[in-house]
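Let's take a friendly walk through this model, from the overall fold down to a few side chains. Have a look at the chain below before reading on.

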Amino acid sequence: MDNQAVLQKVRSQMELSEATFAVAEKLSDKALNLIEGEGIVFEEYSQIGFLSHLFNMTARMEHSEHLPAIDADVMEQLEEEPLRVADGVADLWSKQFGERTDDAERALIAIHLQTAISKQNKNKN
């Protein structure tokens, strides 16, 4: 399924204003291009979950809402590559909203990416 089809599927399942959707769509498209440039590919359902997170993150940032902190044990289990790519993705939102994206959001992005990388590696074997 192509990125636009996945974006529309996510949109149909969420209650976002048109303005929020437009911002989320633009940023998500940039994020997917960045991720694909790193050689990370999502399976369809994983991509839907990831985009749902990005769309909800957009709404949270628009309303200055924050997620609870992620436990340090979880952070220690995250690998360097997904964290690095997650920082690049989160920076897109930071630039859009003029504030640093929460560490919890960055960690959740990294978890999505680490899962995608693990599935990719598993499918190679």
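In what order do the elements of the chain run from the N terminus on?

## Overall fold

Starting at the N terminus, the order is α-α-α-α-α-α. In other words, the chain has six helices and zero strands. Please keep in mind as you read that this is a predicted model.

As for size, a box of roughly 45 × 35 × 20 Å, taken along the principal axes, holds the C-alpha atoms of the chain. The radius of gyration of the chain is 14 Å, which agrees with the value near 14 Å that a compact globule of 125 residues would have.

## Where α3 meets α6

One helix pair deserves a visit: α3, covering residues 44-62, and α6, covering residues 103-124. Their axes come within 11 Å and cross at roughly 170°. Because angles over 145 degrees count as roughly antiparallel, α3 is roughly antiparallel to α6.

Which residues make this contact? On the α3 side you will find Ser46, Gly49, Phe50, His53, Leu54, Met57 and Arg60. Their partners in α6 are Glu105, Leu108, Ile109, His112 and Lys119. By type, the residues of this contact comprise five nonpolar, four polar and three charged.

## A cavity to explore

Rolling a probe the size of a water molecule over the atoms reveals where empty space remains. How many cavities of 30 Å³ or more does the structure hold? The structure has one, and the volume of the largest cavity is about 60 Å³.

The lining of the largest cavity is made up of Arg60, Met61, Ser64, Glu65, His66, Glu99, Arg100, Thr101, Asp102 and Glu105. These lining residues divide into six charged, three polar and one nonpolar. Two names may look familiar: Arg60 and Glu105 line the largest cavity, and they also belong to the contact of α3 with α6.

Methods:
Residues numbered from 1 in each chain as written. Predicted model: local features only at pLDDT ≥ 70, side-chain atom pairs only at ≥ 80, totals over all residues. Heavy atoms only, no water. Axes fitted to C-alpha atoms, helices over the stretch in contact; angles between N-to-C directions. Helix = DSSP H or I, 4+ residues; strand = E, 2+ residues; numbered from the N terminus. Parallel < 35°, antiparallel > 145°, perpendicular 65-115°, else oblique. Contact = heavy atoms within 4.5 Å. Nonpolar A, V, L, I, M, F, W, Y, C, P; charged D, E, K, R; others polar. 1 Å grid on protein atoms, 1.4 Å probe; cavity = no way out; pocket = protein on both sides within 12 Å on 5 of 7 lines; lining within 4 Å. Points joined across faces, edges and corners; volume = space filled by probe spheres on them. Rg over C-alpha atoms; globule rule 2.2 N^0.38 Å.
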